[in-house]
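Me: Could you take a close look at the part of this model around the ligand, and then at how the neighbouring pieces pack? I'd like one connected walk-through.

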Amino acid sequence: MAKKTKGTGKGTGKGASKGASKGARGNEWADHLTQRAKAENYPARSVYKLEEIQKKFKVILPKSHVLDLGCAPGSWLLYAAKQTGSRGRVFGIDLKQIEIKLPDNVIAIQDNILALENEDFLEKGFGAVLSDMAPATTGRKDVDAFRSFELCSMALDTAKKFGAPNSNFVCKIFQGNEFKKFEQEVKLVFRECKTFKPESCRKQSKEIYIIAKGKK
Ligand SMILES: C[S@@+](CC[C@H](N)C(=O)[O-])C[C@H]1O[C@@H](n2cnc3c(N)ncnc32)[C@H](O)[C@@H]1O
């Protein structure tokens, strides 16, 4: 059954030392971001990807309601809540439980977006649907890209169903054979659609973000 969590207050910094540098410049940069995230009380450096997206595209509006798919360990939840302010609300879903303490206007549930058990949790009319979901990687780039595409397709369906008119959509996808197809599908639903690779992404990573604005 889907479990609802408002955080256990266990604190942040889980996995903060994982990016330990092997000396390569990319790893040093990742390590720097991990340290910065820890200092700023975010559980993961992925927060800086959303920060870059928000600064450039203004996808989250003050007082709006945001849905964050693949929200664990919780960095995007915290950042999105700062952007909406206390009069906005942020909802998150992840396979994993959130272990950090969340602000009062944030709720997260543990569930599988591919087989959602608790749709009642979702209201209609989100101002932004965000997906930073990533499949467990196999090392086979074609398989990983296809699994990422499946998650993205479900995220887009969710945005279609629960996004408000004129709402925004952010979706991480691993570039592969299905990328163009997914981009075309997004363009059918949103008036503007761009791709963006944040500086804070690992250079060698195949991940890229689709930023779509203005749900038709
Ligand atoms: C890169 S992490 C997200 C990091 C998050 N944005 C943050 O800043 O804390 C990707 C997440 O996608 C979640 N995920 C993958 N498949 C999922 C699914 N089918 N349903 C829900 N969450 C999923 C994983 O459990 C993982 O926590």
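**The shell around the ligand**

Reply: Sure, let's start with the make-up of the shell: 14 of the residues around the ligand are nonpolar, five are polar and three are charged. Keep in mind that this is a predicted model. There are 22 residues around the ligand in total, and the ones that come nearest are S46, G70, S75, I113 and D132. As for secondary structure, two elements give two or more residues to that shell, namely α3 and β3, the latter spanning 89-94.

That makes α3 worth following a bit further. Helix α3 covers residues 75-84, and its axis comes within 8 Å of the axis of helix α2, residues 47-57, with the two crossing at roughly 35°. The handedness of that crossing, α2 passing α3, is right-handed. On the α2 side the contact is made by V47, L50, E51 and Q54, while α3 brings in S75, W76, Y79 and Q83. So S75 shows up twice, because it sits among the residues that come nearest to the ligand and also takes part in the contact with α2. Sorted by class, the contact between α2 and α3 has four nonpolar residues, three polar ones and one charged one.

One more spot, if you're still browsing: K161, which lies in helix α4, residues 141-162. K161 counts as exposed because it has 12 C-beta neighbours inside 10 Å, and 12 or fewer is the cut-off for that label. In sequence K161 is 38 residues away from E123, yet their C-alpha atoms are 9.9 Å apart in space.

Methods:
Residues numbered from 1 in each chain as written. Predicted model: local features only at pLDDT ≥ 70, side-chain atom pairs only at ≥ 80, totals over all residues. Axes fitted to C-alpha atoms, helices over the stretch in contact; angles between N-to-C directions. Helix = DSSP H or I, 4+ residues; strand = E, 2+ residues; numbered from the N terminus. Left-handed = near helix turned anticlockwise from the far one by under 90°. Contact = placed C-beta atoms within 7 Å. Nonpolar A, V, L, I, M, F, W, Y, C, P; charged D, E, K, R; others polar. Near = placed C-beta within 6 Å. Buried ≥ 20, exposed ≤ 12 C-beta atoms within 10 Å, placed from the backbone.
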